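Good morning, colleagues. Please have the sequence and the model open before you while I take you through a few of its local features.

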Amino acid sequence: MMDAPGQHVAVAQTDPVIAGALWLVDEGGLSPALSRAVWAGFRRPRGNLVAQSLAAHGGTPLAATLKGRRITRIAVHPHRQREGIGRALIHEACGEDYLSVSFGFTNALWHFWQQCGFELVRIGSHREASSGCYTAMALLPQSEAGHRLCEQARLRLHRDARVLSLWNGEKIPVADEWEATLNSDDWLELAGFAFAHRPFATSVAALTRLLLAVDLPLPALRGKIEARREDAALSDELSLTGRKAVLARLRAETAQALECLDKARSQQLKSDILQWQFFQ
């Protein structure tokens, strides 16, 4: 594992004892075409955990083109903790566009990363079996492009936090900046769900806003989001055959709603996004 390319290790040492260590791995640098395909759900290449997630679960199709370094492990000797050694190691680290970290969210862990200057940009939609925690991702931007990406991801999380908290059953520790009206980011997100393979959990906040914007029956979407029915119940009510059929119906109703709002805009987005499955 340690001889794989793109690995970096830094240590804090007081001769002859190592007091702490930091392990980082290079991520990102995907081509624009591949990054768009990852965003749309057409591709999931191996590796690039945070870089891919920024595209696949975020609102920026070119997010994975940026280059970052993910903090894979950080450790400080038990007798040297609370001396600022971990923070010093992180502050001395660098990535071309950003540093990133993915961790099982707890208030204590988030407090540490927040003290190191990281910005929370994503909370997962389910608890991990290994930790019992929701996966959190945070960024520490290093370049101008990294700052733009971090700010876009931060604004998206704050805008969607109210809906995401309802679905997760736990409050997300960011400011509630909910907006009920659709914007251009929502249109792109909804088109990615309707015409490609964006996940429901990633699109649920935009879908919630969509239901507020249209006066259509949309029984699958309203049953799933407003009535909070499980897929099995929806499948029975709508005479569908299983979870995949329910998801296909949700996508079809989203396309129907977008066309009702603005047919030309919907068709243009569909044409653009479907092209993203073809890349070199």
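The UniProt record, an unreviewed entry, places the feature "domain: N-acetyltransferase" at residues 70-119. In this predicted model, the chain over residues 70-119 is 34% helix and 30% strand. The C-alpha atoms at the two ends of that stretch are 14 Å apart.

Within those annotated residues, I would draw your attention to Arg 82. This arginine belongs to the loop that runs between β3 (67-76) and α3 (85-92). Its phi is near 65 degrees, which is a positive value in a residue other than glycine. As a general matter, most residues other than glycine have a negative phi. Is Arg 82 buried or exposed? Arg 82 is exposed, with a relative accessible area of 87%, and the cut-off for that term is over 50%.

A second residue with a positive phi is Ser 239, where the angle is about 55 degrees although the residue is not a glycine. Where is Ser 239 found? Ser 239 sits in the loop between α9 (231-237) and α10 (243-261). Ser 239 is likewise counted as exposed because its relative accessible area is 64%, a value to be set against the cut-off of over 50%.

Let me turn finally to a pair of strands. Strand β1, residues 7-14, pairs with strand β2, residues 17-28, in the antiparallel sense. How many bridges does this pairing span? The two strands pair over 8 bridges, and a hairpin of 2 residues joins β1 to β2. Within this pairing, Ala 12 stands opposite Gly 20 in β2.

Notes: Residues numbered from 1 in each chain as written. Predicted model: local features only at pLDDT ≥ 70, side-chain atom pairs only at ≥ 80, totals over all residues. Heavy atoms only, no water. Helix = DSSP H or I, 4+ residues; strand = E, 2+ residues; numbered from the N terminus. Buried < 20%, exposed > 50% of the residue type's maximum accessible area, 1.4 Å probe, protein only. Pairing = 2+ DSSP bridges. UniProt positions renumbered as here; feature names shortened; annotations may be inferred.
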